[in-house]
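Please go through the structure shown here as a set of questions with reasoned answers. Keep to what can be computed from the atoms.

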Amino acid sequence: MYYQVLSDEARVVHPSQARKNAFAAHHLEIRMFHGGHGECILVVFPDNNCWLVDCGQGTGDRSNETLAANVVTYLERNGLHLDAIIPTHPHSDHAKAFTTILADPSPNITSPLTIYRSNDPGWSASDKKWLVPYRSAAASRGVDNVLEDKRIKVSIAPDILAQLFAGSSGKRFYISIFLQIQFHGARILFTGDAYKSYERGLRDRFGTEFFRADVLKITHHGSEHGTDEGVLRDILPGIAIASTGQGGGHRLEAETRDHIKAGGPRVRVFETFRDQNQQENKRDIILTTDGLPINGAGILYRVRQVAPEFGD
Ligand SMILES: [Zn+2]
């Protein structure tokens with residue numbers, strides 16, 4: 001389905017065949033893999049270079065090694081080249097699979113590999129066993145860019161800009177790195193896991209322009225601890241996407257959905273998991289955009305929900 005995305009709404013549109021062809025030839029793709037309990041989002045730029053925003057599934061060694069192997073196979077099969085990784089915060093369901101990815105000799109992974117991360121104290125915690133091999137893999141294969149109470153701008157291509165920002169490690173919970181991607185007129189915001197107070201703090205510190213987005217990656221799998229109403233009014237997303245999974249703690253909770261839907265009936269919400277009992281409701285979300293207006297306003301996006309690439 002194609003959407004014309006304006007502030008707080010996504011209208012279904014039917015682009016001409018010529019526009020569809022141009023769109024297919026040059027677009028940015030966000031692929032949110034169904035991760036069970038975890039997140040793994042590939043941002044594929046038009047030149048087939050890509051960034052990986054989080055990569056983790058649960059806490060187990062096996063599940064994370066399998067996810068990492070699947071991602072590397074996916075890169076190789078699709079001719080993609082991984083240039084940077086963003087473990088948003090030091091939790092295994094977001095970062096553990098990076099240990100295996102960092103150690104993979106695949107030519108489809110840049111060496112050394114750029115890492116953007118926050119200065120969450122958890123990164124150096126001595127009581128998290130899984131971080132020991134992560135830290136050694138990152139030290140041998142990665143170039144660590146640590147953001148503490150800081151925003152940086154990374155030019156990915158002449159028409160693509162990334163704004164990365166993170167708060168201070170003085171706060172207690174989830175010092176997640178946030179990422180806003182700009183591609184022509186398109187704006188997409190990635191939020192890791194965050195509490196409302198952290199979202200407000202970042203917005204106040206760095207300014208609403210880096211929060212405004214057509215597409216919001218909902219924080220914290222939809223937990224009501226995140227997605228502040230006031231911050232949402234600065235983001236004004238027309239489309240919201242969430243990595244959700246079976247069981248508690250990884251669900252789009254009612255309060256979060258209500259806040260997002262408060263923008264109006266045309267705010268579209270997509271999840272990777274919809275129903276606890278039905279296998280067929282596990283989906284990958286593929287969102288693409290050419291960053292250009294349609295019918296003279298908004299930006300054209302396409303959203304597809306497909307069978308999970310990796311299963312779980
Ligand atoms: Zn999480």
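**Cysteines, sheet and metal site**

Cys-55 is buried, with a relative accessible area of 0%. The model is a predicted one.

Q: Is Cys-40 buried or exposed?
A: A residue counts as buried when its relative accessible area is under 20%. For Cys-40 the relative accessible area is 1%, so this residue is buried.

Q: How far is the sulfur of Cys-55 from the closest cysteine sulfur, and in which residue is that sulfur?
A: A disulfide requires two cysteine sulfur atoms within 2.5 Å. A search of the whole structure finds zero disulfides, and Cys-40 is in none. The separation is too far for a bond: the closest sulfur to that of Cys-55 belongs to Cys-40, at 3.4 Å.

Q: Which strands stand at the edges of the ten-stranded sheet?
A: The ten strands form an open sheet with mixed pairing, in the order E2-E1-E17-E16-E3-E4-E5-E6-E7-E8. An edge strand here has a single partner strand, so one of its sides is left without a neighbour in the sheet. The edge strands are E2 (9–13) and E8 (142–147).

Q: What is the average twist from one strand to the next in the open sheet of ten strands?
A: The sheet in question is the open one that runs from E2 to E8 in its strand order. From one strand to the next, its twist averages 25°.

Q: Which residue of E16 stands opposite Glu-29?
A: Strand E3 (residues 28–32) pairs with strand E16 (residues 284–289) in the antiparallel sense, over five bridges. Opposite Glu-29, in E16, stands Thr-288.

Q: At what angle does helix H2 run to E5?
A: Helix H2 (residues 61–77) lies across E3, E4 (40–44), E5 (49–55), E6 (81–86) and E7 (109–118). Another helix, H5 (residues 131–141), lies across E7 and E8, at about 125° to E7. For H2 and E5 the angle is about 165°.

Q: Which residue in E10 is the bridge partner of Lys-153?
A: Strands E9 (residues 150–157) and E10 (residues 160–166) run antiparallel and are joined by seven bridges. They form a hairpin, with two residues between them. The partner of Lys-153 in E10 is Gln-163.

Q: Which residues coordinate the zinc ion?
A: Along the chain the donors follow the spacing D-H-x98-D-x27-H. The coordination distances are 2.0 to 2.7 Å. The residues are Asp-93 (OD), His-94 (NE2), Asp-193 (OD) and His-221 (NE2).

Q: Why is the arrangement of donor atoms around the zinc ion irregular?
A: Four donors count as tetrahedral if all angles lie between 85 and 135 degrees. The ideal angle for four tetrahedral donors is 109.5 degrees. The four donor atoms around the zinc ion subtend angles that reach 147°, so the arrangement is irregular, with a range of 90 to 147°.

Q: How many residues apart in sequence are the parts that Asp-193 and His-221 tie together?
A: Asp-193 is buried at 2% relative accessibility, and His-221 is buried at 1%. Asp-193 lies in the loop between E12 (186–190) and H6 (196–206), and His-221 in the loop between E13 (215–217) and H7 (229–235). The parts tied together by this pair are 28 residues apart in sequence.

Q: What is the relative accessibility of Thr-88?
A: Thr-88 is found in the loop between E6 and helix H3 (92–95). Beyond its neighbours within four places in sequence, Thr-88 is in contact with residues including Val-53, His-94, Ser-118 and Asp-193. Thr-88 counts as buried, because its relative accessibility is 1%.

Note on methods. Residues are numbered from 1 along each chain as its sequence is written. This is a predicted model: local features need pLDDT of at least 70, side-chain atom pairs count only at pLDDT 80 or more; totals for chains, interfaces and linings use all residues. Side-chain values use heavy atoms; hydrogens and water are left out. Two strands pair if DSSP finds at least two bridges between them. Helices (H or I, at least four residues) and strands (E, at least two) are DSSP runs, numbered from the N terminus. Axes are lines fitted to C-alpha atoms, for helices over the stretch in contact, and angles run from 0 to 180 degrees between N-to-C directions. Contact means heavy atoms within 4.5 Å. Buried means under 20% relative accessible area, exposed over 50%, partly exposed in between (1.4 Å probe, protein chains only). Donors are N, O and S atoms within 2.8 Å of the metal (3.2 Å for Na, K and Ca); water is not among the atoms, so sites may look incomplete. Four donors count as tetrahedral if all angles lie between 85 and 135 degrees; four count as square planar and six as octahedral if opposite donors are over 155 degrees apart and all others between 65 and 115; anything else is irregular.
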